[in-house]
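Thank you all for coming. I would like to take you through one structure today, going from its ligand site to its helices and then to its pocket.

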Amino acid sequence: MAINGKSDTPVLEIENLSISYFTRAGEIPAVVDFNLTLKEGETAGLVGESGCGKSTVAMAIMNYMGDNGGIVGGSIKFRGRDIVQMPQDELRRLRGGEIAMVYQEPMAALNPSMTIGRQLAEVPICHEGVDERTAMKRAAELLDAVRLPDAQRILDAYPHQISGGQQQRVVIAMALLSKPSLLLLDEPTTALDVTVEAGIVELIADLSRDFGTSNLYISHNLGLIRETCDRVFVMYSGEVIEEG
Ligand code: ADP
Ligand code: MG
């Protein structure tokens, strides 16, 4: 199974996934027969127009389908194990540690009344039970890893005191602090300007090398994704129509 210490089982293998939303008007298929494979250490891009089902796929991987969403067919395997069939307690462990997600709007993920340092430090304190000093040191290292210069100033700052691009890098650092093997990024730069997005996509590709994470990067910017991702999946009204 293992080649060079890496498993050849894909980190993520989605097969024939179909997801519907159930509304008063009836069943609305949002994702139809969707297939995607992400190998260990790879960065895959998932691109498509707004409303084509990208976020629905990401939420299904996190198993957060909301009240009216449901997986109606197929499987989502994380390292060979089907998430769709997994018991709740096992799922919770997976979500907190192995799989992390970065959302569109960085401010929504940050607590405005807490310094960046405190909220970053909470991750290793809660996850690994390390002491505060060790946690702060780890937080500073991660800020460095996401290419934020002057880590100490950022640690002492409140979220509103740094730029949107810096906030999104902080959120990525926070996700990485739980040492996930799979990082899902759902249009993480929509709130930011175009040049910032280019920097973030590049960063994600680099982090894959530095931390060994496998990344699924969702965007509507095909050009940008093509340049930096190992594979590109293009979605069109619920289906994958291209893989290059
Ligand atoms: P994307 O992320 O690609 O913009 P989404 O996954 O958010 O697309 O949405 C896919 C489709 O599912 C859209 O047509 C959207 O309107 C519909 N949809 C999303 N969430 C719900 C919901 N909770 N109830 C009903 N329909 C939904
Ligand atoms: Mg979306």
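What follows is a short tour of this model, beginning with the surroundings of the ligand.

Please keep in mind throughout that what you see is a predicted model.

Let me start with ligand 1, and with a simple question: which residues are found around ligand 1? Going along the chain, they are Tyr21, Thr23 and Ala30, then the run Glu49, Ser50, Gly51, Cys52, Gly53, Lys54, Ser55 and Thr56, and finally Asn68. When that shell is sorted by class, seven of its residues are polar, three are nonpolar and two are charged. In terms of secondary structure, strand E3, residues 12-23, and helix H1, residues 54-62, each supply at least two residues of the shell, and H1 gives the most, with three.

Turning to individual atoms, I would point to three approaches between protein and ligand 1. A polar side-chain atom of Asn68 is placed 2.9 Å from a nitrogen atom of the ligand, whereas Gly53 comes to 3.0 Å from a ligand oxygen atom with a backbone N or O atom. Cys52 also takes part through its backbone, where a polar atom is 3.3 Å from an oxygen atom of ligand 1. As for coverage, ligand 1 on its own has 560 Å² of accessible area, and 62% of that is covered by the protein.

Since H1 contributes to this shell, let me stay with that helix for a moment. Why can we describe H1 as largely enclosed by the rest of the structure? The reason is that seven of its nine residues are buried, namely Lys54, Thr56, Val57, Ala58, Ala60, Ile61 and Met62. Lys54 deserves a separate word, as this residue of helix H1 is also one of those around ligand 1. Its relative accessible area is 4%, and because the cut-off for buried is under 20%, Lys54 falls into that class. Tyr236 lies 182 residues away from Lys54 in sequence, and yet the two C-alpha atoms are 9.5 Å apart in space.

Just after H1 the backbone does something worth checking on the screen, in that Asn63 takes a positive phi of about 60°. Asn63 is not a glycine, and its phi is positive all the same; the residue is found in the loop between H1 and strand E6, residues 69-78. With a relative accessibility of 22%, Asn63 counts as partly exposed.

There is a second residue of this kind, Asp150, whose phi is likewise positive and near 60° without the residue being glycine. Asp150 sits in the loop that runs between helix H5, residues 132-145, and helix H6, residues 151-156, and its relative accessible area of 46% makes it partly exposed.

Now to the largest pocket, which holds about 340 Å³ of space. Its lining is made up of 16 residues, and those closest to its centre are Met62, Arg95, Ile99, Ala100 and Met101. Met62 has already come up, as one of the buried residues of H1. By class, the lining has 12 nonpolar residues, three polar ones and one charged. Four elements each supply at least two lining residues: helix H2 (88-98), strand E8 (99-102), helix H4 (116-128) and helix H7 (164-177). Among the contributors, E8 gives the most, with four residues.

Two of those helices let me add some remarks on distances across the fold. In helix H7 we find Gln168, which is buried at 0% relative accessibility; the C-alpha atoms of Gln168 and Pro106 are 5.2 Å apart, although 62 residues separate them in sequence. In helix H2 we find Asp89, which is partly exposed with a relative accessible area of 44%. The C-alpha atom of Asp89 is separated by 36 Å from that of Asp156, 67 residues apart along the chain.

My last example is Leu185, in strand E9, residues 182-186, which counts as buried with a relative accessibility of 0%. Between its C-alpha atom and that of His127, 58 residues apart along the chain, the separation is 21 Å.

Methods:
Residues numbered from 1 in each chain as written. Chains lettered and ligands numbered in written order. Predicted model: local features only at pLDDT ≥ 70, side-chain atom pairs only at ≥ 80, totals over all residues. Heavy atoms only, no water. 1 Å grid on protein atoms, 1.4 Å probe; cavity = no way out; pocket = protein on both sides within 12 Å on 5 of 7 lines; lining within 4 Å. Points joined across faces, edges and corners; volume = space filled by probe spheres on them. Nonpolar A, V, L, I, M, F, W, Y, C, P; charged D, E, K, R; others polar. Near = heavy atom within 4 Å. Polar contact = N/O pair within 3.5 Å; in protein donor to acceptor, adjacent residues only side chain to side chain. Areas by Shrake-Rupley, 256 points an atom, 1.4 Å probe, with all protein chains shown as cover. Buried < 20%, exposed > 50% of the residue type's maximum accessible area, 1.4 Å probe, protein only.
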